[in-house]
Amino acid sequence: MRIFALVLSVVAAPVFAHELWIEPLDFEPDSRVVAHLVNGQEFEGTELIYMERSTARLEVHLFDQAQDIAMRLGDKPAVAVDPLGTGLHVLVYQSAPASLTYRDWQKFQDFSDHKDLAATLEAHQAAGYPEDQFKEVYTRFSKSLVSVGSPDGADSYLGMEAELVALDNPYTSDEMSVQLLYQGEPLADTQVEVFAKTDEVEISLIRTDATGVATLALEPGVTYMLDAASLRTPDAALAAETGAVYETLWANLTFHVPE
């Protein structure tokens with residue numbers, strides 16, 4: 001299956017840019033780790049309730065420990081778990097696939113142009129897809145780094161199909177390198193959108209190198225969200241199940257830099 005990089009623009013229109021992220025109530029809690037799942041953009045959005053049917057994975061990791069997070073239907077915040085010990089905890093959320101319908105080609109073309117996709121009307125027509133009422137299926141792969149009692153520890157690849165992996169610990173470093181992986185392999189020359197929140201939200205773009213790595217300088221007291229997405233043709237089974245002709249995979253990572 002072919003994969004295309006989604007280029008995320010700093011002038012994103014609301015209809016085109018909707019991230020799903022894990023937002024801890026406290027990135028450095030003394031004990032219980034509690035977080036919202038938020039769907040929106042630029043660090044503003046709707047806090048979701050926990051829904052089992054839309055959740056494929058919900059976990060917490062610390063060093064070599066891993067634990068499923070058990071929540072009840074309707075819980076809000078949607079993530080709450082006792083820490084596994086002291087150190088850098090990695091919260092993981094993977095959604096079940098969901099779909100949306102484009103009512104006409106122009107809406108998808110606008111989306112494609114905005115994201116700088118390698119998708120054209122000519123290729124769409126050549127594939128025999130309809131120019132209206134066609135579907136896209138999408139899956140979210142979100143992580144968050146939380147320091148409990150100690151900043152010791154590190155992020156690692158946790159087996160998601162699309163994943164941003166922090167190569168540095170933001171609680172101990174003034175620079176962050178991240179690696180973007182697709183099916184466990186580096187995704188090169190792909191843009192990652194960076195949201196930096198203090199009183200306001202600043203947006204910038206970084207790009208992965210040949211090894212899938214991109215780097216940004218960190219500022220004290222700032223909460224960061226990194227987001228990258230890819231577009232591909234869904235496999236035959238998913239296409240048959242959903243009726244989708246396109247599939248997007250969204251990788252997201254949140255963390256905070258202490259003062």
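**A walk through the strands, core and hollows**

Let us start at Thr248, whose place is in strand E18. Strands (E, at least two residues) are DSSP runs, as are helices (H or I, at least four), and they are numbered from the N terminus. The model you are looking at is predicted, so local features need pLDDT of at least 70 and side-chain atom pairs count only at pLDDT 80 or more, while totals for chains, interfaces and linings use all residues. Residues are numbered from 1 along each chain as its sequence is written, and side-chain values use heavy atoms, with hydrogens and water left out.

Is Thr248 buried or exposed? Thr248 is buried, because its relative accessible area is 0%; buried means under 20%, exposed over 50%, and partly exposed in between, with a 1.4 Å probe and protein chains only. The side chain of Thr248 has a polar contact of 3.2 Å with the side chain of Trp250. A polar contact is a pair of N or O atoms within 3.5 Å; within protein, one must be able to donate a hydrogen and the other to accept it, and residues adjacent in sequence count only if both atoms are side-chain atoms. A further polar contact, of 2.5 Å, links the side chain of Thr248 to that of Glu136.

Now follow that link to Glu136, which lies in strand E10. Glu136 counts as buried because its relative accessibility is 2%. Leaving aside neighbours within four places in sequence, Glu136 is in contact (heavy atoms within 4.5 Å) with Ala98, Ser99, Leu100, Tyr102, Ala244, Tyr246 and Thr248. Glu136 and Ala239 are 103 residues apart along the chain, yet their C-alpha atoms are separated by 9.4 Å.

Another charged side chain to find is that of Arg232, in strand E17. With 6% relative accessibility, Arg232 counts as buried. The side chain of Arg232 makes a polar contact of 2.7 Å with the side chain of Glu161.

Next comes the largest nonpolar core, which has 33 residues. Such a core is a set of buried Ala, Val, Leu, Ile, Met, Phe, Trp, Tyr and Cys residues joined through side-chain atoms within 4.5 Å. Which residues have the most contacts inside this core? They are Leu145, Leu164, Leu216, Tyr224, Leu226, Leu253 and Phe255. Among the elements that give two or more residues to this core are E8, E10, strand E11 (162-166), E17 and strand E18 (244-256). Apart from this core lies another, of 20 residues, including Ala35, Met71, Leu91 and Val148. Back in the 33-residue core, Leu145 makes a good stopping point: beyond its neighbours within four places in sequence, Leu145 is in contact with residues that include Phe27, Leu88, Val90, Tyr171, Leu253 and Phe255.

What about the spaces between the atoms? Rolling a probe the size of a water molecule over the atoms shows where empty space is left. On a 1 Å grid over the protein atoms alone, a cavity is a set of points where a 1.4 Å probe fits but cannot get out, a pocket is an open set with protein on both sides within 12 Å along at least five of seven lines, and lining residues have an atom within 4 Å of a point. How many cavities of 30 Å³ or more does a search of the whole structure find? The search finds three.

The largest cavity has a volume of about 60 Å³, where a volume is the space filled by probe spheres set on the grid points, which are joined across faces, edges and corners. Its lining includes His61, Phe63, Leu88, Val90 and Asp155. Strand E5 (55-62) and E8 each give two or more residues to that lining.

The second largest cavity, of about 50 Å³, has a lining that includes Leu180, Leu181, Ala228, Ser230 and Ala251. E12, E17 and E18 each give two or more residues to the lining of this second largest cavity.

The second largest pocket has a volume of about 270 Å³. It is lined by 18 residues, with Leu20, Leu48, Ser54, Tyr93 and Ser95 nearest its centre.

Finally, look at the backbone in some loops. A cis peptide bond, with omega about 5°, joins Lys76 and Pro77, and Pro77 is in the loop between strand E6 (65-68) and strand E7 (79-81). Gln183, in the loop between E12 and strand E13 (185-186), has a phi near 55°, a positive value in a residue other than glycine. Gln183 counts as partly exposed because its relative accessibility is 44%. Asp189, in the loop between E13 and E14, has a positive phi near 50°.
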